[in-house]
Amino acid sequence: MRRLRASASLRGLVRETQLSPARLVLPLFIAESGPARAPIAALPGVARLSLAAAAEEAAEAGSLGIAAVMLFGVPTEKDEQGSSAWDPDGVVQLAVAAIKRAAPQLLVITDVCLCEYTSHGHCGVLREDGAVDNDATLELLARTAVSHARAGADIVAPSDMMDGRVGAIRSELDGEGFDETPILAYSAKFASAFFGPFRDAAGSAPAFGDRRGYQMDPANGSEAVREALLDVSEGADMIMVKPALAYGDVIAAVKQQTRLPVAAYNVSGEYAMVKAASSAGALEERAAVLEILLSLHRAGADAIISYHAKDAARWLAEER
Ligand code: PBG
Ligand code: ZN
């Protein structure tokens, strides 16, 4: 195929995959209290934002052509149940409204989970013995998703990995008149070492134990497809694979077998790794980031959630 590589225009003519800011989603951490921008040490260039700063950041993302923001709340109050997750005046609910006012065209996706809101840091409520109570958690997740939709969220994204949550959320949304709100299901979320910086940023590290009781074993690819198909049968509109970089095979398999839109989450540890290597002079950041994002799209991801989204959108614009 060397004949088709001889010039930039030939390469462009036969290129199979094209990245665009319209496929990118920027995650935002919104803090209920604290300064306008509190830098996150483990994620250089990323900060926890106040409501006003989040609205500004979202407007900037929109002006760069980024499709959506994905919101994570950092509440001041936590309890056993994670009740601030479904508070109509909770941090995410207020942020959705503020962002919708500042950037009406931008899509707002909300992460639906309890770990940022529970005092113990697990993604669901606990039984007496300290294990997560799957079924008792479903109702709370559904309530949280409805409160996000009511605040104006365009898409809700449950990331808890409880069994049956997509069905529970779908029926609660439908019952409350939000039958047009899509669900982006984190179907294949692996118990990963790459979430470390996120847990610092969101203050959501489990106080004891780990998440291997509900997140997937990184050894299992077929199980990821099975989880995705199950979520499809419960009404998922889009499927998420997370993390992304070490899971290209899973992205491809899920895309092939569900034929639904697939999102890949280029997570905090993946971002931190590129940042550290670039600042040490080991990687050229721009080229590395664009290659990573392109590879996720090539693997089958329609949408890519990345902390690099703003830089990537600027670089892509320059390439035109
Ligand atoms: C929790 C959640 C996690 C992330 C998003 N929501 C991970 C976890 O602590 O299990 C990770 C995102 C990232 O690392 O960027 N439901
Ligand atoms: Zn969680």
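# Close-up views of a predicted model

**Figure 1. Helix α8 and the residues it keeps buried.** In helix α8, which runs over residues 248-258, the buried residues are Val250, Ile251, Ala253, Val254, Lys255 and Thr258. Keep in mind as you look that this is a predicted model. Which elements cover these buried residues of α8? Among them are the strands β7 (184-189), β8 (238-242) and β9 (262-266), together with the helices α7 (222-233) and α10 (285-299). A general point helps in reading any helix: an α-helix has 3.6 residues a turn, so residues three or four places apart point the same way.

**Figure 2. Arg259, just after helix α8.** Move on from the end of α8 and you meet Arg259, the residue that follows the helix. Arg259 sits in the loop between α8 and β9. Its phi is positive, about 55°, although Arg259 is not a glycine. Is Arg259 buried or exposed? Arg259 counts as exposed because its relative accessibility is 59%, and the cut-off for exposed is over 50%.

**Figure 3. A cis peptide bond before helix α8.** Now look at the other side of α8, at the loop between β8 and α8, where Pro243 is found. The peptide bond that leads from Lys242 to Pro243 is cis. Its omega is near -10°. Remember Lys242, as this residue returns in the next view.

**Figure 4. Ligand 1 and its surroundings.** There are 17 residues around ligand 1. Which of them come nearest? They are Arg199, Gln215, Lys242, Ser268 and Tyr307. Three of these side chains can be followed atom by atom. For Arg199, an N or O atom of the side chain is 2.6 Å from an oxygen atom of ligand 1. For Ser268, a polar side-chain atom lies 2.7 Å from an oxygen atom of ligand 1. For Lys242, the partner is a nitrogen atom of ligand 1, with a polar side-chain atom of Lys242 at 3.3 Å from that nitrogen. How much of ligand 1 does the protein bury? Taken alone, ligand 1 exposes 410 Å², and the protein buries 100% of that area.

**Figure 5. Helix α2 and what covers it.** Here you can try a small check of your own on helix α2, which has 13 residues (51-63). At 1.5 Å a residue, the helix should span 18 Å, and its end C-alpha atoms are 19 Å apart, which agrees. The buried residues of α2 are Ala53, Ala54, Ala55, Glu57, Ala58 and Ala61. Their cover includes the strands β1 (24-31), β2 (37-39), β3 (47-49) and β4 (68-74). The helices α3 (91-102) and α11 (309-319) are also included in that cover.

**Figure 6. Gly65, after helix α2.** Gly65 follows α2, and its phi is positive, near 90°. This glycine lies in the loop between α2 and β4. At 36% relative accessibility, Gly65 counts as partly exposed. Which residues does Gly65 touch, not counting those up to four places away in sequence? The answer is Pro21 and Ala22. Another residue to find in this view is Arg314, 249 residues from Gly65 along the chain. The C-alpha atoms of Gly65 and Arg314 are separated by 9.1 Å.

**Figure 7. Ser147 in helix α4.** Ser147 is part of helix α4, residues 134-151. Why does Ser147 count as buried? Its relative accessibility is 9%, and buried means under 20%. A polar atom of the Ser147 side chain lies 2.8 Å from the backbone oxygen of Thr144. Leaving aside neighbours within four places in sequence, Ser147 is in contact with Ala85, Trp86 and Gln93.

**Figure 8. Met161 in a loop.** Look for Met161 in the loop between β6 (155-158) and α5 (165-175). Phi of Met161 is near 70°, a positive value in a residue other than glycine. Met161 counts as buried because its relative accessibility is 7%.

**Figure 9. Stepping back to the protein chain.** The protein chain has 11 helices and 10 strands. Its radius of gyration is 19 Å, close to the 20 Å that the globule rule gives for 320 residues, so the chain is as compact as a globular protein of that length. Buried residues make up 54% of the 320 residues.

Note on methods:
Residues are numbered from 1 along each chain as its sequence is written. Chains are lettered from A and ligands numbered from 1 in the order in which they are written. This is a predicted model: local features need pLDDT of at least 70, side-chain atom pairs count only at pLDDT 80 or more; totals for chains, interfaces and linings use all residues. Side-chain values use heavy atoms; hydrogens and water are left out. Helices (H or I, at least four residues) and strands (E, at least two) are DSSP runs, numbered from the N terminus. The expected span of a helix is 1.5 Å times one less than its number of residues. Buried means under 20% relative accessible area, exposed over 50%, partly exposed in between (1.4 Å probe, protein chains only). Contact means heavy atoms within 4.5 Å. A residue is near a molecule or strand if one of its heavy atoms lies within 4 Å of it. A polar contact is a pair of N or O atoms within 3.5 Å; within protein, one must be able to donate a hydrogen and the other to accept it, and residues adjacent in sequence count only if both atoms are side-chain atoms. Accessible areas come from the Shrake-Rupley method with a 1.4 Å probe; for residues, only the protein chains shown count as cover. The radius of gyration is taken over C-alpha atoms; the globule rule is 2.2 Å times the number of residues to the power 0.38.
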